[in-house]
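Colleague: Could you take a close look at one part of this model for me, the place where the two chains meet, and add whatever is worth noting about the backbone?

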Amino acid sequence: MVNNIDTAIESVYQNLSSLSREEFLRRLEIHKTGSIAKMILETKALSVGEIESGYSHPTLDPCDLDIEKSGVWDNQPNTLDQISNKEYERVKTFRDWVLNFQYEFHFELKDLLASTIQSASEQMENIAINLSEIQSETGFTSAKKLIEKEDQEKYYFDSKLKCAA
Amino acid sequence: MSEFEGSHGTSKSRADKIKKEGFTESTGRGGSGIYFWCHGRYNTMLAIGWYKFQCKKKVFVQDKDPLAAVIIAKLEEEDSKVLNMENIKFKERIDQLAEDMDIDKNKEPDIAAIYDLFIEDLELKSNSRFSILLLKVAPPPINYCPEYSIKILGAPLCCVVRDQACIKILRITEGEDENG
């Protein structure tokens, strides 16, 4: 029985801190798969501070994650224990990032996406009109050729400048 | 003696089974233990939010009766068998240990393992297993539990019960579907 929890905590701390780092890491490795460790990770108990402060910065860009390779989305997020620790960490960080994004922008996201798509469409339309005008004016059939021509002209102009100097 | 009132969100089928046979340790979110929200008047809302979140993940889709059920229970245990993981002294010692052993404090699997190791040693020292762990956890995502303001209330408290003898079911409320 623990009669005085604070005394017991102090005693356990003293014992563990007296271990060599190697011995401590050896013991730690065993506990990475312990039921309490799993519970702490699954309940996000270590992330509640970040959630409370309303800010959780991403440490992984979504494009870095090979979702298909990890296979984690084939099932549900609660099957994370089926994958390796490294993948677990990567997927969990990604999931946290997505959830945080969802928390922050849940209501604005739809409008934001709609306006972004509309703006992108308008820009693409303008580019298409410009290209079409350029093609009719220059007779060039592709933007690549137009750039090549501009490069040639620039090179010719630079050479003239050097000669003049 | 420590006493808590907690809520557990699940499907009606599972609640019926729990009523007849009691809880099993695999009932919870992860790890071993039975999970109860212990956050006062928000208990039921958190349990329903959690149920809806699980519905989204299709957890109850194969249940005979997938409608919501909220189990309200009294959790009772001797003080010495309850570990408050929010205890400042406890957290400070975990923090100090991570520092002493040069563990990356941002690496959650390592920090979680320190907790696991520390608690096991505490149990060995006292020759007794903690029946109830009390800790703050992430609430269900806001769209599943919009009533709960994490900005005002902070993260909700949860009891992880590791000995079902501590649980006394007070009542079961049933009936809502995942949209209800």
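Modeller: What follows describes the contact from the side of chain B and then turns to two backbone angles.

This is a predicted model, in which local features need pLDDT of at least 70 and side-chain atom pairs count only at pLDDT 80 or more, while totals for chains, interfaces and linings use all residues. Residues are numbered from 1 along each chain as its sequence is written, and chains are lettered from A, with ligands numbered from 1, in the order in which they are written.

The contact (C-beta atoms, placed from the backbone, within 7 Å) takes 45 residues from chain A and 45 residues from chain B. On the side of chain B that touches chain A, the elements giving two or more residues are helix H3 (88-100), helix H4 (108-126), strand E5 (132-136), helix H5 (150-153) and strand E6 (157-161) of chain B, where helices (H or I, at least four residues) and strands (E, at least two) are DSSP runs numbered from the N terminus. H4(B) provides the largest share of that side, 16 residues.

As for the backbone, Asp102(B), in the loop between H3 and H4 of chain B, has a positive phi of about 55° although it is not a glycine. With 9 C-beta neighbours inside 10 Å, Asp102(B) is exposed, a term for 12 or fewer such neighbours, whereas buried requires 20 or more, with C-beta atoms placed from the backbone. Lys44(A), in the loop between helix H3 (35-42) and helix H4 (48-52) of chain A, also has a positive phi, near 60°, but Lys44(A) is buried, with 23 other C-beta atoms within 10 Å.

Methods:
Two residues are in contact if their C-beta atoms, placed from the backbone, lie within 7 Å.
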